[in-house]
Amino acid sequence: MANSETNLPNVDNAQFHMPDINKLVGTPLSHPPRILLLYGSLRARSFSRLVVEESARLLNAMGAEVKIFNPTGLPQPDSGEDTHPKVTELRELMMWSEGQVWCSPERHGAMTGIFKSQIDWVPLNMGGVRPTQGKTLAVMQVCGGSQSFNVVNQLRVLGRWMRMVTIPNQSSVAKAFLEFDDNDRMKPSPYYNRIVDVMEELMKFTLLLRHNKDYFVDRYSERVESAEQVSQRVNQRNL
């Protein structure tokens, strides 16, 4: 008689896999972690860009290969073709990256339209591949006034929808206009130290997950769906 605690009549046993720690042991990738950084303002002195540039310096020092996407010239979603050079550049960088850093100013209590437009140009599926699934993500924001966490909370929701692994740590820089010197370098402060923390944690999670990404994002529901689709194709051929 089957144990009631393990009797699962609704489960497809062929597609039901017990998590196995031995499957997490893979060959570490030899190339540096690939990190893409996005910011959310087109101003000449954009503090979200300055934070991203400071983050890129830290990531370089930690051994990453970094690329920063400049949103200048990116059309609004649905206002142009997806063959636009800036759209193509963004999508290629999404596919290239293994981890990402998102930083947006807070405007009217939310992320900027400039930032959201970048994400809205990235489809959930590109040629059968989800361009962001399983990639690590660090979220940050800059504030014109007192410290707020509205944007980082929204970015976490957005990251989950993009099926990314968002790290626990985050950064919110209050009164960002006071945190940079005349050379646009960030001054020493607890805010700076927090950004170092966030980049360090992002690197650790990326190093841990990137060569096991396919295993971590493998889902029972998708295995079942795929099995049903295969069965349907086979049955159709036999009609």
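Which side chain makes a polar contact with the side chain of Q133?

## Q133 and its surroundings

In this predicted model, the partner is R163: its side chain and that of Q133 form a polar contact at 2.8 Å. Q133 belongs to the loop that connects α3 and β4. With a relative accessible area of 13%, Q133 counts as buried, because the cut-off for burial is under 20%.

When neighbours within four places in sequence are set aside, the residues in contact with Q133 are M162, R163, K213 and V217.

## The sheet

The strands form an open sheet of five, arranged in the order β2-β1-β3-β4-β5 with parallel pairing. β2 and β5 (165-173) occupy the edges and have a single partner strand each, so one side of each lacks a neighbour in the sheet. From one strand to the next, the twist averages 15 degrees.

Within this sheet, β3 pairs with β4 (residues 136-142) in the parallel sense, and the pairing extends over seven bridges. One bridge partner can be named: S104 is matched with Q141 in β4.

## Helix α1

Helix α1 covers residues 47-61. Its 15 residues should span 21 Å at 1.5 Å a residue, and the end C-alpha atoms are indeed 21 Å apart. The helix is mostly covered, with 11 of its 15 residues buried. Among them are the hydrophobic-lettered positions F47, L50, V51, V52, L58 and L59, together with R49 and E54.

The buried residues of α1 pack against four strands, β1, β2, β3 and β4, and against helix α5. After α1 comes G63, which has a positive phi near 100 degrees.

## Helix α2

Helix α2 (residues 85-96) contains 12 residues, and the distance from its first C-alpha to its last is 16 Å, close to the 16 Å expected at 1.5 Å a residue. Its buried residues are K86, V87, L90, R91, L93, M94 and W96. In an α-helix there are 3.6 residues a turn, so residues three or four places apart point the same way.

The buried residues of α2 pack against the strands β1 (34-39), β2 (65-68) and β3 (99-105), and also against helix α3 (113-120).

## Helices across the sheet

Two further helices lie across strands of the sheet. α3 lies across β1 and β3, and runs at about 135 degrees to β1. Helix α5 (residues 190-209) lies across β1, β3, β4 and β5, running at about 170 degrees to β5.

Methods: Residues numbered from 1 in each chain as written. Predicted model: local features only at pLDDT ≥ 70, side-chain atom pairs only at ≥ 80, totals over all residues. Heavy atoms only, no water. Helix = DSSP H or I, 4+ residues; strand = E, 2+ residues; numbered from the N terminus. Expected span 1.5 Å × (residues − 1). Buried < 20%, exposed > 50% of the residue type's maximum accessible area, 1.4 Å probe, protein only. Contact = heavy atoms within 4.5 Å. Pairing = 2+ DSSP bridges. Axes fitted to C-alpha atoms, helices over the stretch in contact; angles between N-to-C directions. Polar contact = N/O pair within 3.5 Å; in protein donor to acceptor, adjacent residues only side chain to side chain.
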